[in-house]
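This report is meant for someone who is meeting the structure for the first time. Please look over the sequence and the model before reading on.

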Amino acid sequence: GSPLLSHTSLNLFDTERHPDRLRYDDIRQDVMKLPFLNLHRTADLGGGKSRRSGASPKLEKIQDYLASANVCVQSKLQWCLMMEEYSVVPIDFLSSLQQFV
């Protein structure tokens, strides 16, 4: 791999609450094993199907944001950028981000 990756640490927060949906294809399983990727799962944090019996989807989404922000703070990384899995960014995203932050 790239020498840059030896200095990289990424946190991935998986918010899937349904155990029957936690089976991933081979490619995703391999990606989750990358040494610079730290995987955190809602289910591992007591999220299960729902953290509260009868919790609304909106409340669950707020709980997920708070839990992922907590993971970010605890990581003590210099940067925290939270993105949804379906986010698509332009090729110059990081350089543009550095200009505005």
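A salt bridge is counted here where a side-chain nitrogen of Lys or Arg lies within 4 Å of a carboxyl oxygen of Asp or Glu. The model is a predicted one, and by that definition it holds one salt bridge. The pair consists of Asp14 and Arg41, whose closest N and O atoms are 3.7 Å apart. Because Asp14 lies in strand 1 and Arg41 in strand 2, the pair ties together parts of the chain that are 27 residues apart in sequence. Side chains of opposite charge can pair in this way when their charged atoms come close. Asp14 has a relative accessible area of 12% and is therefore buried, the limit for that class being under 20%.

**The chain as a whole**

The secondary structure comes to three helices and two strands, and from the N terminus on these elements follow one another in the order β-α-β-α-α. Of the 101 residues of the chain, 17% count as buried, while the area that the chain exposes is about 8,200 Å², with 57% of it supplied by carbon and sulfur atoms. Among the contacts with a separation of 6 or more, 57% are accounted for by residues 24 or more positions apart.

**Three residues and their exposure**

The table sets out three residues with their places in the chain and their relative accessibility.

| Residue | Place | Relative accessibility and class |
|---|---|---|
| Ile27 | helix 1 (residues 26-32) | 65%, exposed |
| Ser9 | segment before strand 1 | 33%, partly exposed |
| Lys76 | loop between helix 2 and helix 3 | 73%, exposed |

Ile27 belongs, together with Val31 and Leu34, to a nonpolar patch on the surface, and these residues have about 260 Å² of accessible area together.

Ser9, in the segment before strand 1, touches Phe36, Asn38 and Leu77, when residues up to four places away in sequence are not counted. The C-alpha atom of Ser9 is separated by 9.1 Å from that of Ser75, although these two residues are 66 residues apart along the chain.

Lys76, in the loop between helix 2 and helix 3, has a positive phi of about 60° although Lys76 is not a glycine.

**The largest pocket**

How much space lies in the largest pocket, and which residues lie nearest its centre? The space comes to about 2,100 Å³, and of the 47 residues that line the pocket, Asn11, Leu12, Leu81, Met82 and Met83 lie nearest its centre. The elements that give two or more residues to this lining are strand 1 (10-14), helix 1, strand 2 (37-41), helix 2 (57-75) and helix 3 (93-100). Helix 2 gives the most to the lining of the largest pocket, with eight residues.

Strand 1 and strand 2 thus appear in two parts of this account, since Asp14 of strand 1 and Arg41 of strand 2 form the pair described above, and both strands are among the elements that give two or more residues to the lining of the largest pocket.

Terms used
Residues are numbered from 1 along each chain as its sequence is written. This is a predicted model: local features need pLDDT of at least 70, side-chain atom pairs count only at pLDDT 80 or more; totals for chains, interfaces and linings use all residues. Side-chain values use heavy atoms; hydrogens and water are left out. Helices (H or I, at least four residues) and strands (E, at least two) are DSSP runs, numbered from the N terminus. Buried means under 20% relative accessible area, exposed over 50%, partly exposed in between (1.4 Å probe, protein chains only). Contact means heavy atoms within 4.5 Å. Accessible areas come from the Shrake-Rupley method with a 1.4 Å probe; for residues, only the protein chains shown count as cover. Patches are made of residues with over 30% relative accessible area and no salt bridge: like charges are joined within 9 Å, nonpolar side chains (Val, Leu, Ile, Met, Phe, Trp, Tyr) within 5 Å. On a 1 Å grid over the protein atoms alone, a cavity is a set of points where a 1.4 Å probe fits but cannot get out, and a pocket is an open set with protein on both sides within 12 Å along at least five of seven lines; lining residues have an atom within 4 Å of a point. Grid points are joined across faces, edges and corners, and a volume is the space filled by probe spheres set on the points.
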